Amino acid sequence: MTSEHADDAREVQEPEASRIALTWSGEPGRQEELTHGMLLDQAERAAATLTRLGVRAGDRVAVHLPLVPESVIATLACGRLDAIRTTLPVSLTVPELVARTRESSARVLITADAAFWDGAVRPVKALLDHALARGAAAGGAPDRTVLVVNRCSRPVSWKPGRDLWWHEALGARTVTR
């Protein structure tokens, strides 16, 4: 592609980059909007983070998130890497999560600290923590990374060396384990 064509392509993309791509409404009255440019930038940073964590084409990434923008970003990041997104619905019970995390064999899991449902804060990461502990006790895969999206700003249990904040990992140049 010549530089003239590259300039034309940028001109076409720039107006699109500033258009709203995603509008999210949550509780309590919280709303977020992401433009195409913001969404693609975050997806690129998430893909880079997953790459630093060892995710390659064909690997599975388990996503245990409520319906939040980071769920879409995780999907786009997996697509960039040709990784397989495995959904772990937040409505699953601990025994169901044990089975699904074992089946997924994902080395990276993405979850939220907590989520709002029907006006109340409900644990999300705590359920995943219980499932991972049960799975490890039963001989499951102990070498996993858990990326935690901060959605409700509540205290959350933390396992050093395994758990990473999503926003910090996406902002980091390198991720240490």
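Is T101 buried or exposed? At 3% relative accessibility, T101 counts as buried. That value, like every other here, is computed from a predicted model.

T101 is a good place to start. It sits in helix 4, which spans residues 94-104. Setting aside residues up to four places away in sequence, T101 touches L88, A106, L109, L128, L132 and R144. Three of these names, A106, L109 and L128, come back later as members of a nonpolar core of 14 residues.

Turn now to the largest nonpolar core. In soluble globular proteins, nonpolar side chains tend to be buried together. Here the largest core holds 31 residues. Within this core, L50, V61, I110, L147 and W166 touch the most other members. Several elements feed the core. Strand 1 (20-26), helix 2 (36-52), strand 3 (60-64) and helix 3 each supply at least two of its residues. So do strand 5 (108-112), strand 8 and helix 6 (166-171). Helix 3 gives the largest share, with 5 residues.

Take V61 as a guide to the surroundings. Residues up to four places away in sequence are again not counted. V61 then touches L50, V55, C78, A83 and I84, and also R85, T86, A106, V108 and I110. Two of these contacts, L50 and I110, are among the core members that touch the most others. Apart from this core lies another, of 14 residues. Its members include A62, A106, L109 and L128.

Next come the charged side chains. How many salt bridges does the structure hold? The count is 8. One of them joins R151 and E70, with N and O 3.3 Å apart. What does this pair tie together? R151 lies in the loop between strand 8 (145-149) and strand 9 (163-165), while E70 belongs to helix 3 (residues 69-81), so the bridge links parts that are 81 residues apart in sequence. Both R151 and E70 are buried. R151 has another partner: it lies over the face of W24, at 4.6 Å from the ring centre.

A second bridge stays within one helix. D129 and K125 meet with their closest N and O atoms 2.8 Å apart. Both belong to helix 5 (residues 125-137), and because they are 4 residues apart there, about one helical turn separates them. D129 is buried, with a relative accessible area of 13%. K125 is buried too, at 0%.

A third bridge brings together the side chains of D163 and R162, at 2.6 Å from N to O. D163 and R162 are both buried. Some bridges also share partners. In this way R30, E32, E70 and R151 are joined into one network.

The last stop is W117. Where does W117 lie? Its place is in strand 6 (residues 114-117). W117 is partly exposed, with a relative accessible area of 28%. Leaving aside neighbours within four places in sequence, W117 is in contact with E27, V90, R122, P123 and V124. G26 offers another way to place W117. The two residues are 91 apart along the chain, and their C-alpha atoms are separated by 9.3 Å. Finally, a word on ring pairs: the structure holds 1 aromatic pair.

Conventions. Residues numbered from 1 in each chain as written. Predicted model: local features only at pLDDT ≥ 70, side-chain atom pairs only at ≥ 80, totals over all residues. Heavy atoms only, no water. Salt bridge = Lys/Arg side-chain N within 4 Å of Asp/Glu carboxyl O. Buried < 20%, exposed > 50% of the residue type's maximum accessible area, 1.4 Å probe, protein only. Contact = heavy atoms within 4.5 Å. Phe/Tyr/Trp six-rings, centres within 6.5 Å; stacked < 30°, edge-to-face > 60°. Lys NZ or Arg CZ within 6 Å of the ring centre and 35° of its normal. Core = buried A, V, L, I, M, F, W, Y, C linked by side-chain atoms within 4.5 Å.
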